[in-house]
Amino acid sequence: MAQSKTCQVLVVGGGPGGYPAAIRAGQLGLDTIIVDKHGLGGTCLNRGCIPSKAFIHASSKYEEMVHHAQKDEMGLKIADPTLDMAGVTAWKDGIVSKLTKGVGQLLKAAKVETIAGWATFQNAKTCVVEMENGETVEITAEHVILATGSKETELPFMPFGGNVIGSTEALELTERPEKLVVVGGGYIGLELGIAFRKMGSEVAVVEALDSILPSYDKELIRPVQMWLKKNKVALHTGCKAKGAVEEGGQTFLEFEDAKGQTQRIEADKILVAVGRKPVTEGWGLENMGVDMDGPFVKIDHQCRTAMRGVYAIGDLVGEPLLAHKATKQGELVAEIIAGHKRAYDPVSVAAVCFTEPELVGVGLTPDEAKAKGETVITGKFPLAASGRALTMEGGADGGFVRVTARESDHVILGIHAVGKHVSELSGEFALALEMGATLEDVAGTIHVHPTLTEGFAEGVLTALGHPIHISA
């Protein structure tokens with residue numbers, strides 16, 4: 001016979017949206033249960049953001065060691081380094097394990113009950129959870145927060161299996177593929193493709209669109225294209241993958257090139273990275289009476305669904321599919337349930353791409369602002385003129401910080417950057433937009449020397465017409 005439990009708040013999904021929602025609800029004194037099947041921390045912590053960044057960091061370390069072994073630079077010289085792929089994966093797993101245990105401890109400290117299992121809803125407020133030991137528990141809640149996240153998109157003509165892998169399996173490899181073909185030139189494919197290239201794999205990228213990283217403008221992605229060319233990553237844009245072919249004991253990706261001709265590339269592994277889709281099947285969403293917005297659950301400005309007392313957050317509700325968006329929505333919903341007056345209405349959500357070099361985008365590009373009828377002024381500061389960037393070998397990668405502001409009142413509308421470690425500037429960029437900062441606000445703020453943040457201040461000064469460290 002199934003156990004029965006009741007609670008004020010039931011959170012389904014322990015990812016970067018779900019577990020902060022549960023912690024905040026617990027902090028506010030709400031009787032809260034969180035249910036998760038695939039490990040606290042969700043895709044982000046277990047199979048996405050954190051393991052991929054660990055992987056990228058290790059690949060960069062290896063690349064630097066190889067560079068110094070081949071060339072005496074900075075007064076540094078080392079013997080030939082070796083790569084232990086299994087060791088990299090084990091190190092990554094250690095970080096993930098530490099962080100997932102930390103999430104569990106935080107939930108416990110907030111007096112949140114954690115149940116490991118798969119939840120299936122019978123109606124909007126009641127679900128049955130099947131646990132690993134085969135036992136079930138029925139949970140009825142006053143309020144439900146849906147945070148089921150998203151999963152990798154498989155191509156119907158090239159499903160995962162054998163030498164065709166997704167990003168999850170790519171991060172579990174214990175042997176480096178000599179030849180890797182990446183299907184998809186978005187941020188996931190390029191982040192991992194670049195990391196494997198740094199580790200010594202031959203890498204080719206096949207992208208159906210005419211350009212890689214379609215969510216970023218051409219000026220911003222040019223330094224990334226420069227790195228790919230310099231490092232002999234083969235780019236096949238305007239090309240459509242047709243399938244994996246096994247022939248003579250070898251694997252090939254077959255694709256249609258821009259001229260409509262069929263081509264083949266040999267591969268040890270084919271990494272399919274063509275996007276993600278919300279997890280809406282297999283847990284009884286159809287029994288909950290919520291409305292849909294295309295493939296996503298439809299919500300209002302308070303993350304409420306069409307069913308009273310049911311909320312949805314994160315990747316389940318649409319773009320941007322970003323962990324930090326999910327976290328903010330989770331905290332917000334918990335506070336709404338507790339009676340606080342809150343609404344989800346950010347000015348902008350920063351997007352970061354951990355390629356080589358890194359990309360950051362917050363707000364509108366110059367072209368996007370003009371398309372909205374704005375008359376703008378822009379300022380661009382090359383990181384080649386930044387002392388801090390040069391000390392990190394980042395000044396020669398074509399990086400820059402670009403600021404877009406409304407001409408009439410100098411309110412900043414967008415900030416974009418490309419360069420080594422510029423992801424660390426994303427918080428300052430987002431804060432500037434959220435606070436409605438003007439160019440003068442940023443110019444009047446003393447930025448620490450020597451840091452990359454000076455590039456933001458200099459970009460602002462350039463927009464104002466009087467930069468200090470470049471010629472106007």
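In this predicted model, a polar atom of the Ser348 side chain sits 2.8 Å from the backbone nitrogen of Gly363. Ser348 itself belongs to the loop that runs between helix H8 (323-337) and strand S19 (351-353). With a relative accessible area of 16%, Ser348 counts as buried, because the cut-off is under 20%. Setting aside residues up to four places away in sequence, Ser348 touches Val362, Gly363, Leu433 and Glu434.

Moving on to the nonpolar interior, the largest core is made of 35 residues, and Phe55, Phe196, Leu213, Leu228 and Leu359 have the most contacts inside it. At least two residues of this core come from each of helix H3 (49-70), helix H4 (85-109), strand S8 (179-183), helix H6 (187-198), strand S9 (202-207) and helix H7 (218-230). The top contributor is H6, which gives six residues. As for Phe55, its contacts beyond four places in sequence are Met85, Val88, Leu171, Leu192, Ala195, Phe196 and Met199. Apart from this core there is another one, with 27 residues, including Val129, Ile139, Trp283 and Val317.

Helix H6 deserves its own look. Ten of its twelve residues are buried, so the helix is mostly covered. The buried set takes in Ile188, Gly189, Leu190, Glu191, Leu192, Gly193, Ile194, Ala195, Phe196 and Lys198. What span should the twelve residues of H6 have at 1.5 Å a residue? The expected figure is 16 Å, and the end C-alpha atoms are indeed 16 Å apart, so the two agree. After H6 comes Gly200, with a positive phi near 110°.

Notes. Residues numbered from 1 in each chain as written. Predicted model: local features only at pLDDT ≥ 70, side-chain atom pairs only at ≥ 80, totals over all residues. Heavy atoms only, no water. Core = buried A, V, L, I, M, F, W, Y, C linked by side-chain atoms within 4.5 Å. Buried < 20%, exposed > 50% of the residue type's maximum accessible area, 1.4 Å probe, protein only. Helix = DSSP H or I, 4+ residues; strand = E, 2+ residues; numbered from the N terminus. Contact = heavy atoms within 4.5 Å. Expected span 1.5 Å × (residues − 1). Polar contact = N/O pair within 3.5 Å; in protein donor to acceptor, adjacent residues only side chain to side chain.
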